[in-house]
Amino acid sequence: MSREITIIALKYNPSDETSKPRFAEYKLPETAGMTLYIALTKIKTTIDHDLSSDFVCRAGICGACGMIINGKPRLACKTLTSEFKDGKITLLPLPTFPLIKDLSVDTGSWMKNMNIRVNSWIVSTQKTDISKFEKKIEPKVAEDIFELDRCMECGLCVASCSTAIMKENFVGAVGLNRVVRFSIDPHDERNDADFYELIGDDDGIFGCMSLLACEDHCPKNLPLQTKIAYMRRKMVMV
Ligand code: SF4
Ligand code: FES
């Protein structure tokens with residue numbers, strides 16, 4: 001027999017002057033293999049049409065469904081309700097990002113600003129001839145780049161980072177990961193001094209307090225702390 005679960009979600013619309021932050025409680029029957037994506041969809045279609053939360057892929061790929069689930073930043077579509085033995089799940093929007101409504105936050109603007117801030121693109125004086133194959137690189141280097149490119153900008157590392165919560169302009173593990181990704185790409189002609197100009201300050205590589213929460217919560221299991229330590233060591237030697 002299925003049990004009843006209780007989902008408690010923050011409700012607040014900052015663009016509505018009459019809205020006040022409050023918790024709404026929803027009770028629903030748990031189904032086999034139920035994820036929080038399924039539970040929230042059920043709530044939105046049958047109990048509260050006004051509840052807002054974000055989803056796109058439902059498969060841990062797009063990074064849209066990050067939220068604070070019983071105190072931890074996680075992806076709702078990859079979280080089974082059966083993990084919570086007492087059947088009680090409290091949901092909050094991710095901190096650090098502007099709140100749109102309820103559980104929905106604007107990670108896109110934050111990520112756009114971060115990508116501009118760390119110049120998250122190949123910098124090269126070479127002209128690209130798209131009729132020709134790209135310059136070959138060593139398979140191991142390509143593998144290392146692809147590994148870091150798996151980041152889906154979900155923002156969980158940012159939401160779990162004390163520095164990011166305290167410092168508005170901190171680029172976060174996601175931004176430092178981008179810099180490492182381009183620093184190891186042979187197509188990119190920038191040197192360590194160029195990267196120092198971008199992240200050699202307290203809003204960049206020296207702002208990290210090494211609390212490791214970014215790596216603990218990254219759903220892609222990216223080696224964020226190893227990469228941050230690698231880049232910090234390079235930056236102190238510039
Ligand atoms: S590094 Fe991991 S936690 Fe951070 S944005 Fe990328 S995928 Fe999400
Ligand atoms: S909906 Fe895409 S990662 Fe959860």
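This report walks through a predicted model, from its domains to one helix, a ligand shell and a single residue.

Let's start with the overall layout. The domain assignment splits the protein chain into domain 1, covering 4–104, and domain 2, made up of 106–124 + 135–236. Measure from C-alpha centre to C-alpha centre and you get 28 Å between domain 1 and domain 2. Where the two touch, domain 1 puts in 16 residues and domain 2 puts in 16 residues. On the domain 1 side, the top contributor is strand 4 (residues 72–75), which supplies 4 residues. That side of domain 1 is made up of 9 nonpolar, 4 polar and 3 charged residues.

Now for helix 2, which runs over residues 107–117. Which of its residues are buried? They are T107, W110, M111 and M114. These four sit on the same side of helix 2, because they span an arc of only 95° around the axis. That fits a general rule: an α-helix has 3.6 residues a turn, so residues three or four places apart point the same way. Turn to the other side of helix 2 and you'll find S109 and I116, both exposed. The buried residues of helix 2 have cover from, among others, strand 7 (104–105) and helix 6 (172–183). Just past the end of helix 2, N119 has a positive phi of about 45°.

Helix 6 turns up again at ligand 1, where it gives the most to the surrounding shell, with 3 residues. There are 15 residues around ligand 1, and the nearest are C151, C154, C157, V174 and C218. The elements that each provide two or more residues to this shell are helix 4 (156–159) and helix 6.

Here is how the shell around ligand 1 and the domain 1 side of the contact break down by class:

| Group | Nonpolar | Polar | Charged |
|---|---|---|---|
| Shell around ligand 1 | 10 residues | 3 residues | 2 residues |
| Side of domain 1 that touches domain 2 | 9 residues | 4 residues | 3 residues |

Last stop: E4, which belongs to strand 1 (residues 4–11). Is E4 buried or exposed? E4 counts as exposed because it has 9 C-beta neighbours inside 10 Å, and the cut-off for exposed is 12 or fewer. Setting aside neighbours within four places in sequence, E4 is in contact with K27, P29 and G87. A213 is another matter: E4 and A213 are 209 residues apart along the chain, and their C-alpha atoms are separated by 32 Å.

Key: Residues numbered from 1 in each chain as written. Chains lettered and ligands numbered in written order. Predicted model: local features only at pLDDT ≥ 70, side-chain atom pairs only at ≥ 80, totals over all residues. Buried ≥ 20, exposed ≤ 12 C-beta atoms within 10 Å, placed from the backbone. Arc of directions from axis to C-beta. Contact = placed C-beta atoms within 7 Å. Near = placed C-beta within 6 Å. Nonpolar A, V, L, I, M, F, W, Y, C, P; charged D, E, K, R; others polar. Domains from an automatic or database assignment.
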